[in-house]
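Subject: Handover of a structure and findings

Dear colleague,

Please find below the structure that I am handing over to you, together with its sequence. I would be grateful if you would read the notes beneath it with the coordinates open.

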Amino acid sequence: MKQMFKTKIAHMLDNGDKLELEAFVEATSHDDAFAQAKGRLKSVVTELAGVAEIEIDKTKVELGAHKHH
């Protein structure tokens with residue numbers, strides 16, 4: 001039986017930056033929801049790679065922030 005899942009997945013880059021996706025998926029299990037979220041992240045990255053300028057809908061910029069290692 002399918003249920004709605006809220007997923008949050010992130011890809012961590014070597015420099016400490018993070019690319020994160022939050023998605024709502026209809027899935028049969030946690031593993032299915034995770035697999036769907038990974039597919040969506042790949043689709044988003046592919047789509048964004050093809051546009052001249054990325055539209056940003058939400059921002060958060062902090063002064064004096066320190067990286068966590």
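The notes below set out what was found, beginning with the strands and ending with the pocket.

Please bear in mind throughout that this is a predicted model.

Strand pairing

Strand S1 covers residues 3-12, and strand S2 covers residues 18-27. The two run antiparallel and are joined by 10 bridges. Together they form a hairpin, with five residues between the strands. Within that turn, Gly 16 has a positive phi of about 95 degrees. Two pairs may help you to fix the register: Ile 9 has Leu 21 of S2 as its bridge partner, and Phe 5 stands opposite Val 25 in S2.

The nonpolar core

The largest nonpolar core consists of eight residues, namely Ile 9, Leu 21, Ala 23, Val 25, Ala 27, Ala 33, Ala 37 and Leu 41. Two or more of these residues come from each of S2 and H1. The greatest contribution to this core is that of S2, which gives four residues. The bridge partners Ile 9 and Leu 21 are both members of the core.

Thr 7, a residue of strand S1, touches several of these core members. Is Thr 7 buried or exposed? Its relative accessibility is 9%, and Thr 7 therefore counts as buried, the cut-off being under 20%. Beyond its neighbours within four places in sequence, Thr 7 is in contact with Leu 21, Glu 22, Ala 23, Val 25, Ala 33 and Ala 37.

Ala 27, another member of the core, has contacts with Met 1, Lys 2, Gln 3, Phe 5, Asp 32, Ala 33 and Gln 36, where residues up to four places away in sequence are not counted.

The segment before S1

Lys 2 is placed in the segment before strand S1. Its relative accessible area is 52%, so Lys 2 is classed as exposed, for which the value must be over 50%. Which residues does Lys 2 touch, not counting those up to four places away in sequence? They are Glu 26, Ala 27 and Thr 28. Lys 2 and Lys 38 are separated by 36 residues in sequence, and their C-alpha atoms are 18 Å apart in space.

The largest pocket

The volume of the largest pocket is about 1200 Å³. Its lining comprises 26 residues, and those nearest the centre are Asp 17, Lys 18, Leu 19, Glu 20 and Lys 60. At least two lining residues are supplied by each of S1, S2 and helix H1, which spans residues 30-49. The largest share of the lining, five residues, is that of S2. By class, the lining holds nine nonpolar, six polar and 11 charged residues.

Leu 19, one of the residues nearest the pocket centre, lies in strand S2. How accessible is Leu 19, and what class follows from that value? At 38%, its relative accessibility falls between the 20% and 50% cut-offs, and Leu 19 is therefore partly exposed. Setting aside neighbours within four places in sequence, Leu 19 is in contact with Ile 9, Ala 10, His 11, Leu 13, Leu 41 and Val 45. Among these contacts, Ile 9 and Leu 41 belong to the largest nonpolar core. Leu 19 and Val 45 are 26 residues apart in sequence, with a C-alpha to C-alpha distance of 9.5 Å.

Yours sincerely

Conventions
Residues numbered from 1 in each chain as written. Predicted model: local features only at pLDDT ≥ 70, side-chain atom pairs only at ≥ 80, totals over all residues. Heavy atoms only, no water. Buried < 20%, exposed > 50% of the residue type's maximum accessible area, 1.4 Å probe, protein only. Contact = heavy atoms within 4.5 Å. Pairing = 2+ DSSP bridges. 1 Å grid on protein atoms, 1.4 Å probe; cavity = no way out; pocket = protein on both sides within 12 Å on 5 of 7 lines; lining within 4 Å. Points joined across faces, edges and corners; volume = space filled by probe spheres on them. Nonpolar A, V, L, I, M, F, W, Y, C, P; charged D, E, K, R; others polar. Core = buried A, V, L, I, M, F, W, Y, C linked by side-chain atoms within 4.5 Å.
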